[in-house]
Every structure is written in C-alpha cells, then in structure tokens.
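Here is a set of exercises to work through with the model open beside you. Try each task before you read its solution.

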Amino acid sequence: MEGGGSRRLSTAEQPEARQAPRSPGGQKDSLPGGSARQAERLRRCCEEQWRLLCEERPERPGNLVKAEWKPEQGIVELKSPAGKFWHTMGFSERGKQCLLPEEALYLLECGSVQLFYRDVALSIQEAYETLLCQEAMSLSHYQVFSHLKQLGYIVLRFDPSTVPSPYERQLNLESHCKSSGKHHRKRRRSSSPWLHEKKHKVYEDLSEVEGTSSKDGDDYGDSIPMDEKPLSVQPKESDAGSAEGESMPVPLDTGQKDSLSSSSKQAEKREESSTGTHAPRWDFTTITFPNMASDQPCTHLPSPDSRLLPENVPGREVDAASWCTQINQKQEKLSRKERKQRERESRYKSSVNADQEVRRCSNWQEYKALLEQRRQQRVWKRPAHLWDQAVTPLLRPEEVTSPAALLQQISVLQPSHILDGASRLQEDPEAMKIDFNVYQADAVSKFKKTNPGKPHVRMCVRSFDEQIPSLRALKQVTYLSGDVPLVFALVDHGEITFYSLKEFKLPVDVNH
Amino acid sequence: MAAGAEGVPGLCGAAEGSETPGTPPSPAAERPRVRRQRGRFLVWSPGAARALRERHRVWGALVGTPPRRGPRGGAAAGPRLPLQLRPEEARALRESGGATVEPVDEAEAEPSGGGAGGGARAALATPLSRAERRSRVFRALWGRGLHLTRGGKFGGDFLVYPGPPAQFHACAVAQCPRSSRAQPLGALLAAARLCACVRKALLLCAAPPEGAPSCTAITWRADLT
C-alpha cells in the first residue's frame with residue numbers, strides 16, 4: 001500500500017527532524033535542558049500563534065449568504081442567492097438552492113455563509129454539533145471533506161446508481177449518455193432518500209434486438225429491422241416480441257448488418273424461428289440443397305414440396321440456365337495490391353474445394369466425419385512411459401510456442417487482479433460504502449454540477465482503529481467503484497492519512 | 001537489539017522539569033470544557049485549548065478549517081479550533097480532574113471505558129481491549145510528565161516527547177501490545193528498524209490494572225551490524 005499526504009499541522013505540532021527547520025522557534029532539541037534564549041523565542045512564538053487562534057474568523061457581512069438548516073430534510077436551504085461556491089457545491093430542489101450539511105459547514109467555517117436555525121445564527125460549535133448527526137456524514141467524514149476542499153478538490157457524495165456497470169462501460173455508454181438524458185441525473189448528489197432516482201437503464205432495451213428473419217429467401221439484409229441508433233430513449237418496436245430471436249449484444253460503432261446478413265445467405269427458404277433451441281421439424285437427410293454455383297451443372301430447380309412452404313407463399317419450378325449465362329460477365333480486375341495478396345496466399349493457401357475428398361462429401365455430416373478422420377490420423381504418438389502413467393507431463397510439445405507461454409503454463413502462482421471474481425460476489429448489505437467522489441482541482445473551470453463526469457478518485461472514509469478490510473470486502477468495494485481508483489482515508493481522531501491499493505506485477509524472466 | 005529503559009529521557013529517574021499529574025483539580029467552573037459527541041471529543045474555547053496544552057500537557061489536534069487566504073495572498077494560516085482530543089486524553093483529563101467532559105446529547109450514556117468499573121472486573125482472565133490498554137498506558141506515561149501525541153505515523157500508539165512537541169523531537173514510539181499473547185518477531189523487528197531509521201526508541205508498554213506500569217525499550221544495534 002502506498003501512503004499519501006497527511007494532514008497539514010500547525011507549526012506548533014510539526015513532526016520530526018525533516019521539518020524541524022520550519023519550526024518558528026528554530027531547531028528543535030532532542031533533550032530537555034536547551035538554552036534559555038531558545039526557550040524564550042519559542043514562548044513568544046507560541047503567544048503569537050495563540051493570539052491568531054483566538055481571533056474571530058473574518059467575515060464580510062455584506063457578502064454573506066444566508067442559509068437555513070432544515071433538520072427534517074437534513075439539508076440547508078439558501079435564503080439569499082448563492083455566491084461563487086455555487087459552481088461546484090450545492091443543488092437545486094423544488095426551485096430552491098440548497099446545500100448538503102458538509103458543504104454548508106465548510107462554507108460557514110470559511111466565512112462565506114451564515115447559518116440560521118429557528119431564526120438564530122449558529123456558531124461554528126453549534127453548527128458542528130447540529131449538522132453532523134447523520135450516519136452518512138459524521139465528524140470523520142466532514143474532516144476528510146474539509147481537508148480535500150482545502151486542497152482544492154471538488155468533492156461530491158457518492159451515489160452507487162451512477163456508476164456504469166461493466167457492460168455499459170463495454171458499450172461505451174457513459175460518453176453517449178452524457179449528451180442525452182442529462183435531466184435524469186439532476187438529483188444524483190442529494191442524500192435525501194426520496195430524491196434518489198434510479199438511472200434510466202437504457203441498455204436493457206439494447207439487448208432485445210429483434211432478430212426477425214427475413215421471410216423471403218431471395219432478398220436479405222434490408223429486412224432486418226434493427227435500429228442503428230439503439231440509444232434513443234423511446235421503447236423500441238418489437239413486432240415479433242422479445243421471444244423472437246436471440247438477445248444479441250450490439251456494438252454501437254460497427255455496422256450491424258454483417259453478422260446477421262451472413263447467416264441469411266445460402267438458404268432459399270428459412271424457418272420462422274432462428275434459434276436452435278427447437279428440434280428441427282424437417283429431416284435434413286432427405287432434403288438436399290441444390291448447389292447453384294457457377295461450376296455446377298445444376299440449373300434446373302424443381303417445384304418445392306408444398307409442405308415445406310409457409311401458407312401464403314407459392315413455389316414454382318425454375319430453370320436458371322438463362323440466368324447463369326448472364327452473370328459473371330465482367331472480367332474481374334484486381335488491383336495491384338490484391339493481385340500481390342493473391343499471389344502470396346496461393347503459395348500456402350488452397351481452396352477447400354480443391355480437395356477431392358472434400359468434394360466427395362455431399363452434406364455437412366460427411367464433411368465433419370472427414371475432418372474427424374483426418375484429425376485422428378494427425379494425433380501425435382505420445383511416449384507411453386510419460387503419458388500412460390498416473391502423473392503426466394503438464395504440457396504437450398505443440399501447446400507451447402514461446403518461453404513466456406511455457407512459463408505461464410508451469411507457473412504455480414498466477415497473477416491476479418483485485419477485480420478477479422469480483423462480479424460474482426453477492427451484494428452484501430454490510431459491505432463497505434464509498435463516501436465521496438473527488439474531482440480534480442484543475443478541472444474547476446470545466447466542471448458542471450449536472451454532469452460531473454468521471455471522478456479522479458473515490459474515497460472511503462474509515463477509522464484508523466478498524467481492522468484492515470478482508471480481501472473479499474476490498475474486491476466488493478473496488479467493483480462498486482467501477483474503473484475509478486479507490487482511496488481509503490483513515491481518520492485518527494482528527495488526523496487523516498490516505499492509502500490506496502497499487503497494482504503490481506511480478507516481473508517474469510523469459511530470457512533464459 | 002538491546003532492551004532496557006536507558007536512554008529514554010523522562011522515563012527513568014525522577015521526572016524533571018514537568019508538572020506532575022495530579023495538578024490539584026481546579027474548581028469545576030474554571031476547568032476546561034470538553035464536548036463529547038458520538039465518541040469524539042472537541043474543545044471549542046481558545047482559553048481551554050491553551051490551558052490543556054500548556055498546563056496539562058495534552059496536545060490533541062487542531063482540526064478546524066483554516067480561513068481562506070486574503071485577497072493579497074499571504075501565508076496560509078494554520079488549522080484552527082476546535083481542538084480534538086483522543087479518547088485516552090479525554091479520559092485521563094476527566095479522571096485527574098483536569099477538565100470536564102460534557103455530552104452534547106443528553107441521551108448519550110456515560111462512557112464506560114471499563115475504567116470506572118475496575119473493581120468489579122477483578123477477573124484477570126478478561127483481556128483488556130486495545131482502547132483500554134492504550135488508555136492505561138497513556139495515563140501512566142502522561143503521569144510521569146511526558147508529552148504524548150498520536151503515533152500512527154510510525155506504526156505505534158503514541159509518540160513520546162520529553163517536552164513540548166514544538167520544542168523537542170520525539171524520543172520514542174510507544175506501542176501497547178497485548179501482554180497475554182506472543183508477539184510475532186517479524187513485526188517487532190520491523191517496528192524496531194523503523195524507529196532506528198527515525199532515531200527514536202521503540203517502547204513496549206503495559207499498564208495492567210494490578211501491577212506497576214512497565215516499559216521496555218528496544219533499540220537496533222547499528223554499531224554491531
């Protein structure tokens with residue numbers, strides 16, 4: 001684990017030797033019995049510090065924003081218009097500007113707002129004792145919040161429903177959702193339960209792609225009613241119902257037609273149901289598909305059996321001879337690049353149809369039998385003394401192509417990532433909670449409260465006295481955080497240290 | 001490594017130049033007031049904070065948000081009130097009469113801490129909790145006139161100073177291990193080595209309810225390596 005910076009201390013509490021020169025009293029002593037002069041200087045310094053401490057916090061009454069604490073809702077409502085802090089803090093509810101308790105307390109300490117409760121202005125002590133009563137926002141949480149705000153970060157409360165799931169990340173959904181559906185995210189930061197809105201689960205629509213097959217065998221491609229822009233928020237039309245076809249995940253950015261249209265070639269007539277889950281109604285050993293390729297003599301197609309056809313589709317006999325003469329008229333002209341590629345390939349590639357044995361196969365079953373037979377012949381003869389024992393070698397020679405692959409196979413320790421298996425862990429109500437999203441300080445100018453984007457890190461606030469969390473708990477909370485790194489803020493009665501897990505790979509020596 | 005209590009000023013021999021604990025308890029009205037809310041102890045009055053630090057040698061941590069820098073910049077001010085005390089500091093103050101601890105919400109029960117019921121817990125078999133051990137050790141070391149602050153930076157329970165932390169370097173890192181259980185040697189070595197790097201002694205302290213407090217200092221002998 002690597003440690004982050006600890007809280008800045010006043011000069012009266014400087015930690016050790018490294019920072020001694022910063023002590024206003026000069027060098028610190030190691031043993032008592034130092035010089036009187038030094039002690040005097042130190043004493044005067046302390047006086048000065050105490051004087052500063054006793055000063056009232058500066059306030060500008062004219063610029064003070066007035067706010068009222070609403071205990072039943074657990075938020076602070078602004079009574080006069082917000083100042084510059086509104087850019088990164090606060091939220092709107094029912095037309096009013098509001099602040100979360102930690103934000104209000106921080107602004108009170110900075111001297112930017114004046115906090116009222118029952119028409120009485122709260123002192124900082126009273127505010128600490130009144131506002132920090134929630135489970136979600138205790139004194140420790142507030143101290144972490146305040147520390148990060150002083151450093152300049154933008155700190156918002158964490159809301160689990162706004163983390164995109166791995167599937168959504170895979171689809172790159174978040175960047176798309178930013179531009180649409182923003183109004184769904186308005187209430188995201190509020191802690192009040194009734195303001196919590198579930199994120200619109202757009203991807204559920206996506207998985208119900210209609211895979212309606214084309215009814216007519218001769219034309220294909222256009223009849224696939226798939227929406228090219230699946231992120232439109234309106235429910236998609238599913239005329240065939242969701243039972244139709246398979247659920248196919250659809251990559252947004254590639255054209256969809258290729259994967260489906262290839263399956264619609266070949267067959268002249270296709271079944272209604274495209275899933276393989278039903279037992280086929282036809283016996284394929286008796287139905288042959290005529291091969292109409294250019295080098296085949298078959299041009300005459302008899303009228304199909306009417307039992308094979310849907311109700312209102314008539315079949316007829318076709319003589320394709322005249323058509324065959326009209327296709328493939330134009331000489332194929334290859335570009336130079338294509339010719340070169342063909343030349344290269346011809347050296348080692350050969351068409352599967354050039355194989356006589358393959359041509360002798362009249363259906364898939366025979367072809368597969370041929371492949372199996374060939375595979376059997378190719379099986380490498382294994383030495384009996386190695387392979388016929390109870391304990392066999394780990395590897396066969398053909399399995400390994402490089403020293404790195406070999407090492408990978410024989411290694412006892414496999415590298416693992418914190419997220420391995422994390423998705424399979426059950427939801428645990430006792431699991432650690434993430435408390436804050438922290439955004440970079442330098443992004444303040446571009447920051448938008450309604451669409452903050454991906455945080456820099458997420459923060460878990462824990463007490464220094466607690467046990468180190470188990471691996472299971474760490475996996476769960478890292479998974480909960482999505483792809484944003486997680487930092488643990490350990491609070492030890494007023495002093496904070498930050499830790500995070502760092503990924504580390506043992507180096508592998510493959511050069512031997 | 002050598003063990004012994006030598007070389008740790010303030011711990012052996014008479015406590016020199018520091019107030020003994022038991023500063024006679026001041027009348028209740030004048031005592032610094034400590035506010036307790038949900039296990040956290042805060043001191044809000046500057047006078048009280050100063051008294052706690054200068055007279056009672058209890059340092060705590062200043063946790064208030066510093067004010068923003070002025071428009072002309074200027075040095076960043078240090079942190080401000082409130083002063084937050086650790087549980088063992090608050091308890092030691094309460095027991096010695098140095099301060100009064102007030103609960104913020106009346107409904108909060110008095111902290112049991114186990115200390116008040118010491119007589120009832122005559123059973124030695126009950127192992128002390130970590131907080132309880134630290135509390136007793138704090139009381140013992142503080143009672144000898146030493147200044148103690150948080151030791152989390154160096155993997156211990158306390159940092160031990162012979163005088164005010166502003167004026168002196170810490171001389172030792174104090175840990176309060178369970179005396180009933182064997183300590184893993186590796187952890188001990190790691191702690192001793194760390195302390196040697198930062199030029200402090202490692203103190204293993206125990207203050208059992210029945211018996212005198214004891215400290216063992218461990219140093220890594222770099223001169224023999």
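**Exercise 1: An aromatic pair in a helix**

Trp364(A) and Tyr367(A) sit three residues apart, about one turn, in helix α12 (residues 364-378) of chain A. Keep in mind that this is a predicted model.

Task: Find how many aromatic pairs the whole structure holds over all chains, then classify the pair formed by Trp364(A) and Tyr367(A).

Solution. Start with the search of the whole structure, which finds nine aromatic pairs over all chains. Next, take the rings of Trp364(A) and Tyr367(A): their centres are 5.9 Å apart and their planes stand at 70 degrees, so this pair is edge-to-face. The cut-offs behind this step are centres within 6.5 Å for a pair and planes over 60 degrees for edge-to-face. Finally, look at the surroundings of Trp364(A): with a relative accessibility of 63%, this residue counts as exposed.

**Exercise 2: Rings in a cluster, charges over rings**

Task: Say which residues are linked into a cluster by ring pairs, and find what lies over the faces of Phe464(A) and Trp220(B).

Solution. Follow the ring pairs and you arrive at a cluster of Tyr106(A), Tyr128(A), Tyr142(A), Phe145(A), Phe436(A) and Trp44(B). Now turn to the charges. Over the face of Phe464(A) lies Arg150(B), 5.4 Å from the ring centre. In chain B, the charged end of Arg193(B) sits over the ring of Trp220(B), at 4.0 Å from its centre.

**Exercise 3: A strand with two partners**

Task: Work out in which sense, parallel or antiparallel, strand β12 (residues 457-463) of chain A pairs with β11(A) and with β13(A).

Solution. Begin with strand β11 (residues 436-439) of chain A, which pairs with β12(A) in the antiparallel sense over three bridges. Here Val438(A) stands opposite Val457(A). Then move to strand β13 (residues 486-492) of chain A: it runs parallel to β12(A), and six bridges join the two. On this side Arg458(A) stands opposite Leu486(A). Add helix α15 (residues 471-480) of chain A, and β12(A), α15(A) and β13(A) make a right-handed β-α-β unit. As for cover, five of the seven residues of β12(A) are buried.

**Exercise 4: Checking two helices**

Task: Test whether the length of helix α4 (residues 139-151) of chain A agrees or disagrees with the expected span, and do likewise for helix α3 (residues 130-143) of chain B.

Solution. For α4(A), 13 residues at 1.5 Å a residue should span 18 Å, and the end C-alpha atoms are 18 Å apart, so the two values agree. For α3(B), 14 residues should span 20 Å, and its end C-alpha atoms are 20 Å apart, which agrees as well.

Now compare what follows each helix. Just after α4(A), Gly152(A) takes a positive phi of about 105 degrees; just after α3(B), Gly145(B) has a positive phi of about 95 degrees.

Last comes burial. In α4(A), eleven of the 13 residues are buried, including Tyr142(A) and Phe145(A). The buried residues of α3(B) include Phe138(B), Leu141(B) and Trp142(B). Among the elements that cover the buried residues of α3(B) are α2 (87-96) and β7 (147-150) of chain B.

**Exercise 5: A lysine in a strand**

Task: Decide whether Lys70(A) is buried or exposed.

Solution. First place Lys70(A) in strand β2 (residues 65-70) of chain A. Its relative accessibility is 16%, so Lys70(A) counts as buried. Leaving aside residues up to four places away in sequence, Lys70(A) touches Ile75(A), Glu77(A) and Lys79(A).

Terms used:
Residues numbered from 1 in each chain as written. Chains lettered and ligands numbered in written order. Predicted model: local features only at pLDDT ≥ 70, side-chain atom pairs only at ≥ 80, totals over all residues. Heavy atoms only, no water. Phe/Tyr/Trp six-rings, centres within 6.5 Å; stacked < 30°, edge-to-face > 60°. Helix = DSSP H or I, 4+ residues; strand = E, 2+ residues; numbered from the N terminus. Buried < 20%, exposed > 50% of the residue type's maximum accessible area, 1.4 Å probe, protein only. Lys NZ or Arg CZ within 6 Å of the ring centre and 35° of its normal. Pairing = 2+ DSSP bridges. Right-handed = clockwise from strand over helix to strand, strands pointing away. Expected span 1.5 Å × (residues − 1). Contact = heavy atoms within 4.5 Å.
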